[in-house]
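Trainee: I would like to test a few labels against their definitions. Shall we take them one at a time?

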Amino acid sequence: MGVPISNPFTIFEEKDSNGNFISNTSIQGAINEANPGSVNNDTKFSELIAASTLHSFNPAFSGTLNTLSDVTKASQYRGYPYLSQVTICYHQTSSTSACGCGTSGTYYIDTTSLQAANNFSNGTTVISANTSGSPLAPAGFYSAGGAFLYWNGTSQGTDINGNTVNAADCSNSGVTVPAPSSWFGSGNLIGHFGTTDFATLNWKVNLQIDGYMQKNVTIGGTSQCINGCAYNSQSRPNNNTITGSGSITVTRLADSSSNSNNQVNDDGDVVLTVSGGTISHNGGTSDTDGNPIRTLNNTRGVYTFDQGETFSKTFNFTNLKVADGDTFQLDIIEG
């Protein structure tokens, strides 16, 4: 759908009884269509502008936009999100194969056509698999009209090793690039954390995952955790190679009750479930050797603990994958 070109439209979207946007024909709804969940709670026009993307504006109505600061009125959103449907050829690693059009498909771009290398270089800044602009097209070479470009999954021109791959006429094909990582996309690493019982408890989770920023997440310590609480965490990529390998270390911190120590108050366990991949182990059958008990084809690991123990354990894993949404689920149960 999107903001209509000629018909009346509103800035904010109506919601049904379940809190879902009804039509996505408002500005808020159109932004949500391209990036679901990004504007659910926005109540100001300035917030909607901040959540917008430049390539999604129709230049016939928005005028020339250099930054989002150039968006000042609702009428500039007519035709948002703006992408043209095209049929172009694709290959993951070879420009020659893309130019030979071994595989073709329907994609959506922010220019009207891909007809020449010059057009690639100066015009096209997004290739999407959907008219809404999400998800973006997979990394690889794209070709049409006797020319090709390399798209790395988020932008054109740079492969996964940071090397520049220039757009060119198919007469100059013969360019190859390494296959992109099969473990992660280029977006955020998403984990879900949960703990139950005792409002005074605090646990620290340290994430060290190849290609992503190291991050510490502290969970617990609020009255809401008496009946269980949940946390989401996002860790953006750093400049290192994403391999799907890494570790998650879970440590019981000192609680805020009268005993004020980091010993667990009751028997319990810490459970990590990953999306694909393998939780590492040295071959033991229990967690007494410093490795987790594994189940679910080695995608779930468990460390147990007894009342009065201190706890700090590490899960190591390889080939971690990103599903639609979750990357991993970590549950801490004490009490």
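Mentor: Start with pairing: two strands pair if DSSP finds at least two bridges between them. Keep in mind that this is a predicted model.

Trainee: What makes E13 and E16 a pair?

Mentor: Strand E13 (residues 278–279) is joined to E16 by 2 bridges. The cut-off is at least two, so E13 and E16 pair. They run antiparallel. One of the partnerships is Ile 279 with Phe 317 in E16.

Trainee: How do you know that E11 pairs with E16?

Mentor: E11 and strand E16 (residues 312–318) share 6 bridges. At least two are needed, therefore E11 and E16 pair. These strands are antiparallel as well. Thr 251 has Ser 312 in E16 as its bridge partner. Thr 249 stands opposite Thr 314 in E16.

Trainee: Which strands form the open sheet, and in what order?

Mentor: The order is E9-E8-E11-E16-E13, with antiparallel pairing. That makes 5 strands.

Trainee: Why are strand E9 (215–220) and E13 called edge strands?

Mentor: Each pairs on one side only.

Trainee: Now Asp 266. Why is Asp 266 called partly exposed?

Mentor: Its relative accessibility is 31%. Buried means under 20% and exposed means over 50%, so Asp 266 falls in between and counts as partly exposed.

Trainee: Where does Asp 266 lie?

Mentor: In the loop between strand E11 (246–252) and strand E12 (268–274).

Trainee: Which residues form the negative surface patch?

Mentor: Asp 266, Asp 267, Asp 306 and Glu 309. Patch residues need over 30% relative accessible area, so Asp 266 passes that cut-off at 31%. Asp and Glu count as negative, which means the patch is called negative.

Notes:
Residues are numbered from 1 along each chain as its sequence is written. This is a predicted model: local features need pLDDT of at least 70, side-chain atom pairs count only at pLDDT 80 or more; totals for chains, interfaces and linings use all residues. Side-chain values use heavy atoms; hydrogens and water are left out. Patches are made of residues with over 30% relative accessible area and no salt bridge: like charges are joined within 9 Å, nonpolar side chains (Val, Leu, Ile, Met, Phe, Trp, Tyr) within 5 Å. Accessible areas come from the Shrake-Rupley method with a 1.4 Å probe; for residues, only the protein chains shown count as cover. A salt bridge is a side-chain nitrogen of Lys or Arg within 4 Å of a carboxyl oxygen of Asp or Glu. The place of a charge is taken as NZ of Lys, CZ of Arg, CG of Asp or CD of Glu. Helices (H or I, at least four residues) and strands (E, at least two) are DSSP runs, numbered from the N terminus. Buried means under 20% relative accessible area, exposed over 50%, partly exposed in between (1.4 Å probe, protein chains only).
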